[in-house]
Amino acid sequence: PVTLMAFDDYFAAVAATDVLIRSVDVLASKPSELAFYPVPKLMIRRVGDHEAFSANRANELFDGTQELRTVADALTYLDIFVRRPEALIAMNQAIRRNAAAGIYDGCRVAVATVVARA
């Protein structure tokens with residue numbers, strides 16, 4: 001099954017994402033700050049030029065696709081994910097390696113630094 005969520009309120013969207021992200025197989029999103037979540041990502045078309053870095057970074061870390069600028073491209077990747085589970089397995093393996101290397105620890109390190117200075 002596929003579950004889609006859409007929110008008019010930014011804060012509700014962030015709160016729901018933080019809770020639900022742990023139970024998704026793939027996150028389909030524009031390349032925003034969600035590009036830095038440790039979950040396989042299907043990066044759809046960005047809204048602003050500033051989001052290009054997020055898509056590129058996820059692709060470099062192999063935990064997200066390149067930016068998919070058309071519906072046809074996104075559907076192609078969805079088909080790959082369904083028909084070739086090794087693609088998602090490889091992304092999850094990359095996430096585990098990245099996590100072990102501390103790639104996703106930016107917020108944790110920032111909070112620890114602030115707390116240590118307080």
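Contact here means heavy atoms within 4.5 Å. With that in hand, the surroundings of L68 in this predicted model are a good place to begin. Setting aside its neighbours within four places in sequence, L68 is in contact with L42, M43, I44 and R45, and also with D73, A74 and Y77.

Two of these partners, L42 and A74, appear together with L68 in the largest nonpolar core, which also takes in F81, A87, L88 and M91 and has 7 residues in all. Two or more residues of this core are given by each of α3 and α4. The largest share, 3 residues, comes from α4. Such a grouping fits a broader tendency: in soluble globular proteins, nonpolar side chains tend to be buried together. Apart from this core lies another one, of 5 residues, among them I21, L27, L34 and Y37.

The pairing of α3 with α4 deserves a closer look. Two packed helices are described by the angle between their axes and the distance between the axes. Helix α3 spans residues 71–83 and helix α4 spans residues 85–100; their axes come within 4 Å and cross at roughly 90°. An angle of 65 to 115 degrees counts as roughly perpendicular, and α3 and α4 are therefore roughly perpendicular to each other. On the α3 side of the contact are I80, F81, V82 and R83, which meet P85, A87, L88 and M91 of α4. Sorted by class, this contact has 7 nonpolar residues, 1 charged residue and no polar ones.

Some individual residues of these two helices help to fill in the picture. V71 has its place in helix α3. Because exposed means over 50% relative accessible area, V71, at 63%, is exposed. The C-alpha atom of V71 is separated by 8.3 Å from that of I44, although the two residues are 27 apart along the chain. L78 also lies in helix α3, and counts as partly exposed at 38% relative accessibility. From C-alpha to C-alpha, L78 and V26 are 9.4 Å apart in space, while 52 residues apart in sequence.

In helix α4, the residue to note is N98. Its relative accessible area is 11%, so N98 is buried. Not counting residues up to four places away in sequence, N98 touches L61, D63, I103 and Y104.

Helix α2, made of residues 52–60, offers a view of a helix with two faces. A52, S54, A55 and A58 are buried in α2. These four residues cover an arc of only 170° around the axis, which puts them on the same side of the helix. The packing partner of the buried residues of α2 is β2 (41–43). On the face of α2 turned away from the buried side, the exposed residues F53 and E60 are found.

The chain then leads on to a residue with a notable backbone angle. F62, in the loop between α2 and α3, follows α2 and has a positive phi, near 60°. Most residues other than glycine have a negative phi. F62 is not a glycine, yet its phi is positive, at about 60°. With 43% relative accessibility, F62 counts as partly exposed.

Definitions and conventions. Residues numbered from 1 in each chain as written. Predicted model: local features only at pLDDT ≥ 70, side-chain atom pairs only at ≥ 80, totals over all residues. Heavy atoms only, no water. Axes fitted to C-alpha atoms, helices over the stretch in contact; angles between N-to-C directions. Parallel < 35°, antiparallel > 145°, perpendicular 65-115°, else oblique. Nonpolar A, V, L, I, M, F, W, Y, C, P; charged D, E, K, R; others polar. Core = buried A, V, L, I, M, F, W, Y, C linked by side-chain atoms within 4.5 Å. Buried < 20%, exposed > 50% of the residue type's maximum accessible area, 1.4 Å probe, protein only. Arc of directions from axis to C-beta.
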